[in-house]
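Reader: I would like a close look at a single part of this model, taken slowly and with its surroundings, rather than a tour of the whole. Please choose one strand and tell me what pairs with it, what packs on it and where its side chains go.

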Amino acid sequence: TKAIDRLIGAGCVVLGYVSTSYGKVSVETVQTNMQTWQKFYPRIQGIFFDEMLYEDNESAVEHQVTLNQSAHDLGLWPTVANPG
């Protein structure tokens, strides 16, 4: 937590990390993982979604929109999504 405090003090944006395993991890599990980040590191500002779904279809878009909204509902901003 000291390193996070130093990074924030230096003007950095600090993100938690969550793998979505290309959509294989349930939305509920990703939400729990974000909450765990907040519990252990309450000063994180946003979240990094790794291995996001990268298909160009409605289901993949809806999945990522849901994760993004869940992060925002927890007060996590910005969000970063990496197709991996």
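Author: In this predicted model, a good place to enter is the residue pair Ser19 and Asp50, which stand opposite each other, with Asp50 belonging to strand 2. Strand 2, which covers residues 46-50, is the part I will follow. Four of its five residues are buried, so strand 2 is largely enclosed by the rest of the structure.

Consider the pairing to begin with. Strand 1, residues 15-19, runs parallel to strand 2, and the two are joined over five bridges; within this pairing, Val18 has Phe49 of strand 2 as its bridge partner. Between these two strands the chain passes through helix 2, residues 27-40, and the resulting β-α-β crossover is right-handed. Strand 3, residues 79-81, also pairs with strand 2 in the parallel sense, here over three bridges, and Phe49 stands opposite Ala81 of that strand. Phe49 thus has a counterpart in strand 1, namely Val18, and another in strand 3, namely Ala81. The route from strand 2 to strand 3 goes by way of helix 3, residues 58-73, and this β-α-β unit is right-handed as well.

Taken together, the strands form an open sheet of three with the order 1-2-3 and parallel pairing. Strand 1 and strand 3 are the edge strands, each having a single partner, so one side of each is left without a neighbour in the sheet. From one strand to the next, the twist averages 20°.

The helices come next. Helix 2 lies across strand 1 and strand 2, and its direction is at about 150° to that of strand 1. Helix 3 packs on the sheet too, where it touches strand 2 and strand 3 and makes about 155° with the direction of strand 2.

Strand 2 also takes part in the largest nonpolar core, a set of 14 residues in which Val30, Met34, Ile47, Phe49, Ala71 and Leu76 have the most contacts. Helix 1 (2-9), helix 2, strand 2 and helix 3 are the elements that each give two or more residues to this core, and helix 2 supplies the largest share, with three. Such grouping fits a wider pattern, because nonpolar side chains in soluble globular proteins tend to be buried together. Leu76 shows how the parts meet: beyond its neighbours within four places in sequence, its contacts include Met34, Ala71, Gly46 and Ile47.

What of the aromatic rings? The structure holds three aromatic pairs. In one of them, the ring centres of Tyr17 and Phe48 are 5.9 Å apart and the planes make an angle of 15°, so this pair counts as stacked. Tyr17 lies in strand 1 and Phe48 in strand 2, 31 residues apart, and the pair therefore links distant parts of the chain. Tyr17, at 40% relative accessibility, is partly exposed, and Phe48, at 23%, is partly exposed too.

Another pair, Tyr22 with Tyr54, is edge-to-face, at 5.9 Å centre to centre and with 85° between the planes. Here the loop between strand 1 and helix 2, which holds Tyr22, is linked to the loop between strand 2 and helix 3, which holds Tyr54, across 32 residues. Tyr22 is partly exposed at 29% relative accessibility, whereas Tyr54 is exposed, with a relative accessible area of 55%.

How values were computed
Residues numbered from 1 in each chain as written. Predicted model: local features only at pLDDT ≥ 70, side-chain atom pairs only at ≥ 80, totals over all residues. Heavy atoms only, no water. Buried < 20%, exposed > 50% of the residue type's maximum accessible area, 1.4 Å probe, protein only. Pairing = 2+ DSSP bridges. Right-handed = clockwise from strand over helix to strand, strands pointing away. Axes fitted to C-alpha atoms, helices over the stretch in contact; angles between N-to-C directions. Contact = heavy atoms within 4.5 Å. Core = buried A, V, L, I, M, F, W, Y, C linked by side-chain atoms within 4.5 Å. Phe/Tyr/Trp six-rings, centres within 6.5 Å; stacked < 30°, edge-to-face > 60°.
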